[in-house]
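Q: Please take a close look at one part of this structure and set it in its surroundings. A connected account, moving outward from that part, would be most useful.

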Amino acid sequence: MSFINYLSREINCKIVYYGPGLCGKTTNLQYIYNRTNPNAKGKMISLATETERTLFFDFLPLEIGEIRGFKTRFHLYTVPGQVFYDASRKLILKGVDGVVFVADSQMLRAEANTESMDNLRINLAEQGYNLDTLPYVVQYNKRDMPNISSVGELSGLLNLQRVPEFSAVATTGEGVFETLKSVAKLVLTELKRGAA
Amino acid sequence: MASPQMVMYEEEFAQVQAVTDRLVQDANARVVFVVDKNGQLISASGDTGDIDTTSLASLAAGNIAATGGIAQLLREQEFATQYHEGVTQNVHIQVVSSRVILVVIFDNRTSLGLVRLRVKRANEHLTRIFEVVMAKTQDPFQNSPFAEITDDDIDNLFND
């Protein structure tokens, strides 16, 4: 749910990074945080366990510029990927404007990817959203790892709707900003469409 | 879309700000925030100088969301009020008309009783204001800034 403030001339939108445990959602946000101009970002908040697994969410506010005099801000959130944190994932999806699904390219994680994708659909539907109509992109992360599935295979399994898709190595930043820009653009285009 | 966007116009924004400004004074609080349930900061009053307001808004919303989840498990409608007691500072959190969150940060210059009393009155005022905000937001004839935005505007945002 976007928030528009006419007095401070701001538009705020919410993007959620979703995906199986250890697929690199937090790493995406950390890379964005480290590579963004200090004036354009707020503090990154990570609610994590002692072993640095996401417990509730990571949060990063990001300002990307002005459209027609309105400061455009994106609030980036990650969900906890581990299966048993489902209740938390549902909460974080509330009010979402756009979703990035981060898949783990390693062959061994194929099942975890599809499970997480099914879970995303179910949890969105519970909130009244439909993944087929929501601004949404897919990222195939960990392309630098051994024993990975081809992008074609991953795409055939996870991207049946043919939304924009990106190969990535979040630890080095490859594909990270391309993914973010793509979903941000889809969100703004959808808001424009809704206003027309 | 499952939940409509919230649009805050100057008139209502000024009214919300007036309520929170007054609450700071009446409750002798340090800071008062109004936050959307999705974590967007709507207004802030008082001594906000050294507080990261954006992060605070997101965490307060996360807090309310988590408590709402517990309420659902217990088949309770919602836990509309929360209180966190610290060594030198305390936080009182109130859900207003199931829509926004009123956060009051206070220290030992005041008391929980006074804060509760003043929050109750502010809650009533804010409820009325946000009824108007939501009615305006859902009115299809209200102008949205997005209506005038072109594809080029969006593209320009992402040109490095």
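A: **A helix with two sides, and what surrounds it**

In this predicted model, B:Glu10 and B:Gln25 are exposed on one side of helix 1 of chain B, the side other than that of its buried residues. The buried residues of this helix are B:Val16, B:Val19, B:Thr20, B:Leu23 and B:Val24. Because these five cover an arc of only 140° around the axis, they lie on the same side of helix 1 of chain B. The length of the helix can be checked as well: helix 1 of chain B comprises 17 residues, 10-26, and at 1.5 Å a residue it should span 24 Å, which agrees with the 24 Å between its end C-alpha atoms. Just beyond the helix, B:Asn28 adopts a positive phi of about 55°.

The buried residues of helix 1 of chain B pack against four elements of chain B: strand 2 (31-36), strand 3 (41-46), strand 6 (100-106) and helix 3 (112-138). One residue of chain B, B:Val104, touches B:Leu23, B:Ala27, B:Ala29, B:Val32, B:His92, B:Val115 and B:Val119, with residues up to four places away in sequence left out of the count. B:Leu23 is thus among the contacts of B:Val104 and also among the buried residues of helix 1 of chain B. Within the largest nonpolar core, which has 96 residues, B:Val35 and B:Val104 are the residues with the most contacts. The largest share of this core comes from helix 5 (residues 176-195) of chain A, which gives eight residues.

Strand 6 of chain B leads in turn to its neighbour in the sheet. Strand 5 (residues 90-96) of chain B and strand 6 of chain B run antiparallel and are joined by seven bridges. Across this pairing, B:Ile93 stands opposite B:Val103 in strand 6 of chain B. The hairpin formed by these two strands has three residues between them, and B:Ser97 takes a positive phi near 45° there. Strand 5 of chain B is largely enclosed by the rest of the structure, because five of its seven residues are buried. Strand 5 of chain B also pairs with strand 4 (residues 81-85) of chain B, in the antiparallel sense and over five bridges. In that pairing B:His84 has B:Val91 of strand 5 of chain B as its bridge partner, and a hairpin through four residues joins strand 4 of chain B to strand 5 of chain B.

These elements belong to a chain with four helices and six strands. Read from the N terminus, the order of elements in chain B is β-α-β-β-α-β-β-β-α-α. The C-alpha atoms of chain B fill a box of roughly 55 × 40 × 35 Å along the principal axes. Of the 160 residues in chain B, 38% are buried. Where contacts in chain B join residues at least 6 apart in sequence, 55% of them join residues at least 24 apart.

Helix 1 of chain B also takes part in the meeting of the two chains. In total, 33 residues of chain B are in contact with 38 residues of chain A. On the side of chain B that touches chain A, two or more residues come from each of strand 1 (6-8), helix 1, helix 2 (53-73) and helix 4 (151-157) of chain B. Helix 2 of chain B gives the most to this side, with eight residues. The residues on this side of chain B divide into 17 nonpolar, 11 polar and five charged. A sheet pairing also crosses between the chains: strand 1 (residues 3-5) of chain A and strand 1 of chain B pair in the parallel sense over three bridges. There, B:Val7 of strand 1 of chain B is the bridge partner of A:Ile4.

On the side of chain A, strand 6 (residues 98-104) of chain A is largely enclosed by the rest of the structure, since seven of its seven residues are buried. A:Gly98, A:Val100, A:Val102 and A:Asp104 point one way from this strand, and A:Val99, A:Phe101 and A:Ala103 point the other way. Strand 6 of chain A pairs in the parallel sense with strand 2 (residues 10-18) of chain A over four bridges, and A:Tyr17 has A:Val100 as its bridge partner. Strand 6 of chain A likewise pairs in the parallel sense with strand 7 (residues 136-141) of chain A, over six bridges, and there A:Phe101 has A:Val138 as its bridge partner.

Terms used: Residues are numbered from 1 along each chain as its sequence is written. Chains are lettered from A and ligands numbered from 1 in the order in which they are written. This is a predicted model: local features need pLDDT of at least 70, side-chain atom pairs count only at pLDDT 80 or more; totals for chains, interfaces and linings use all residues. The expected span of a helix is 1.5 Å times one less than its number of residues. A residue is buried if 20 or more other C-beta atoms lie within 10 Å of its own, exposed if 12 or fewer, and partly exposed in between; C-beta atoms are placed from the backbone. The arc is that of the directions from the helix axis to the C-beta atoms. Two residues are in contact if their C-beta atoms, placed from the backbone, lie within 7 Å. Ala, Val, Leu, Ile, Met, Phe, Trp, Tyr, Cys and Pro count as nonpolar, Asp, Glu, Lys and Arg as charged, and the others, Gly among them, as polar. Two strands pair if DSSP finds at least two bridges between them. A nonpolar core is a set of buried Ala, Val, Leu, Ile, Met, Phe, Trp, Tyr and Cys residues joined through C-beta atoms within 7 Å.
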